[in-house]
Amino acid sequence: MTSKPSVTGGACIIASVCVGAGMLGLPSAGAGAWTSWSSLAIILTMIIMTVSGWMLLEAFKPYELTASFNSVTKDLLGHKINIFNNLTVYFVGGILLYAYITSSGLILSGLLGINSQFASVLFVLVFSCFVWHSTRAVDRISVVLIAFMVLSFVFGVSGLAANIDATRLFPSLTEELGQAPYALAMLPVALTSFGYHHSVASMRAYYGEEQKAKQAILGGTLIALALYLLWLLSIFGNLPRSAFGPVIAKGGDVDVLLGALASVIESKRVSNAINLFSMAAILSSFIGVGLGVLDYLVDLFKFDNSRGGRAKSWGVTFLPPLVFSLLFPFGFLVAIGYAGAVATLWTCIIPPLLAWKVRKAAPAGSAGFRAPGGILMIGLVILFGVLTAAFHLLNMAGLLPVYTG
């Protein structure tokens, strides 16, 4: 008798999709806003993104378990909007995979002493096999990776915690008020840090129902939130705010951030634990995002679930970001910022519109799963998405304050 999938396994998949971008992008993105405002931005984003994921889950309710984001959006919002949505979903998934592939190459290059481009190719060939195999394989490796991340995180953070300088974390009230405007430019990176929505259809199909998928989504975003807050406190409590200047100048590249951390950590074991944690965070997100993109493209291109069909799906999922990573490597934070701006469409605008459409079509008093908050919450989620995208555009135009160290 086949065992039923656990909520814990699904929560670990959702958390693993989130944490790579967040753990490695948030410290540099939040350097301007610093501790209080960064924490507030992350908590607000987590709440909005959890609810928007539930709205997407609600929109799937009238459809078969095989239905995906693509098919439901096409049915409810029309062909043209669906084409645009498809492009944005693939762009965000692709640019996240691109960022993870590039960063893994840089980190492995330092650890193994090999060429970073060769390291990136090796990383993709080895670890994308889990995605090609099955969702259950991703579930199992995600649980292992989350457990490994927790152990390395606890060891690394405990070492950092021993040296936290509270005066660094919470400066004077005047300084904190001056840091507030920097939180606006941080929101696209915070949004990307909870960008699991392309995995919602996979979760629903995996459990065969909405309620367990809802619990897995909430569990995953709570795990990610807890890790983010602990990580930021540990980094900001050890690394002076001014030390982020060189990291930001390099586009927030992870290897530069790890190098800056290593310079202020006395223990080699703690430094190694943080390096291992960062690598596990990238790997877990690479696998989680890869699964969501692959399942999405399977539905879009109607590939079958045979070995050959999954091989085609593997090719369109992983080869384009790998090629771009080899030809045009650029900063991790830059990539994550673009991903966050574009992701607002399919994380904060399309899901509430889909939920609204489903509610309008449903008979009065109909039972079944429903996201909380009513029409007011639908409006708030859309407003958050529009503002986040606007902040990114303003930041690109040089109209928002940017911290440079």
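A patch here is made of residues with over 30% relative accessible area and no salt bridge, with nonpolar side chains joined within 5 Å. With that in hand, let us walk through some close-ups of this predicted model.

**View 1. A nonpolar patch on the surface, built from six side chains**. Phe91, Phe330, Val334, Tyr338, Leu393 and Met396 make up the patch, and together they offer about 550 Å² of accessible area. Two helices, α17 (332–361) and α18 (374–396), each provide at least two of its residues. Met396, for one, belongs to helix α18.

**View 2. Val342 and its contacts in helix α17**. Val342 has a relative accessibility of 24%, so it counts as partly exposed. Leaving aside residues up to four places away in sequence, Val342 touches Thr88, Phe91 and Val92. Phe91 will be familiar as one of the residues of the nonpolar patch. If you extend this view to Val402, you will find it 60 residues from Val342 in sequence and 20 Å away in space, C-alpha to C-alpha.

**View 3. Ser38, a buried serine in helix α2**. Helix α2 runs over residues 34–60 and holds Ser38. The relative accessible area of Ser38 is 0%, so this residue is buried. Its side chain reaches the backbone oxygen of Gly30 at 3.1 Å. Around Ser38, beyond residues up to four places away in sequence, are its contacts Gly30, Ala33, Met186, Leu232 and Phe236.

**View 4. Helix α10, largely enclosed by the rest of the structure**. Helix α10 covers residues 182–192, and 8 of its 11 residues are buried, which means that the rest of the structure largely encloses it. The buried residues are Ala183, Met186, Leu187, Pro188, Val189, Ala190, Leu191 and Thr192. Met186 also appears among the contacts of Ser38, a handy link back to the previous view.

**View 5. Inside the largest nonpolar core**. This core has 128 residues, and those touching the most other members are Met23, Phe69, Tyr228, Phe286 and Leu354. Helix α15 gives the most to the core, with 17 residues. Centre the view on Tyr228 and you will see contacts with Cys18, Val19, Gly22, Met23, Leu26, Ile42, Ser193 and Phe194, not counting residues up to four places away in sequence.

**View 6. Ser278 in helix α15**. Here is another serine to look at: Ser278 has 0% relative accessibility and therefore counts as buried. Its contacts, apart from residues up to four places away in sequence, are Leu24 and Leu258.

**View 7. Asp304 in the loop between α15 and α16**. The loop joins two helices, α15 (268–301) and α16 (307–327). With a relative accessibility of 46%, Asp304 counts as partly exposed. Asp304 touches Gly309 and Arg310, again setting aside residues up to four places away in sequence. Arg269 is 35 residues from Asp304 in sequence, and the two lie 47 Å apart in space, C-alpha to C-alpha.

**View 8. The 2 salt bridges of the structure**. In one, the side chains of Glu58 and Arg359 meet at 2.8 Å, N to O. Glu58 sits in helix α2 and Arg359 in helix α17, so this pair ties together parts that are 301 residues apart in sequence. Both Glu58 and Arg359 are buried. In the other, Glu210 meets Arg204 through their side chains at 2.8 Å, N to O, and both of these residues are buried too.

Notes. Residues numbered from 1 in each chain as written. Predicted model: local features only at pLDDT ≥ 70, side-chain atom pairs only at ≥ 80, totals over all residues. Heavy atoms only, no water. Patch = residues over 30% accessible without salt bridge, like charges linked within 9 Å, V, L, I, M, F, W, Y side chains within 5 Å. Areas by Shrake-Rupley, 256 points an atom, 1.4 Å probe, with all protein chains shown as cover. Salt bridge = Lys/Arg side-chain N within 4 Å of Asp/Glu carboxyl O. Helix = DSSP H or I, 4+ residues; strand = E, 2+ residues; numbered from the N terminus. Buried < 20%, exposed > 50% of the residue type's maximum accessible area, 1.4 Å probe, protein only. Contact = heavy atoms within 4.5 Å. Core = buried A, V, L, I, M, F, W, Y, C linked by side-chain atoms within 4.5 Å. Polar contact = N/O pair within 3.5 Å; in protein donor to acceptor, adjacent residues only side chain to side chain.
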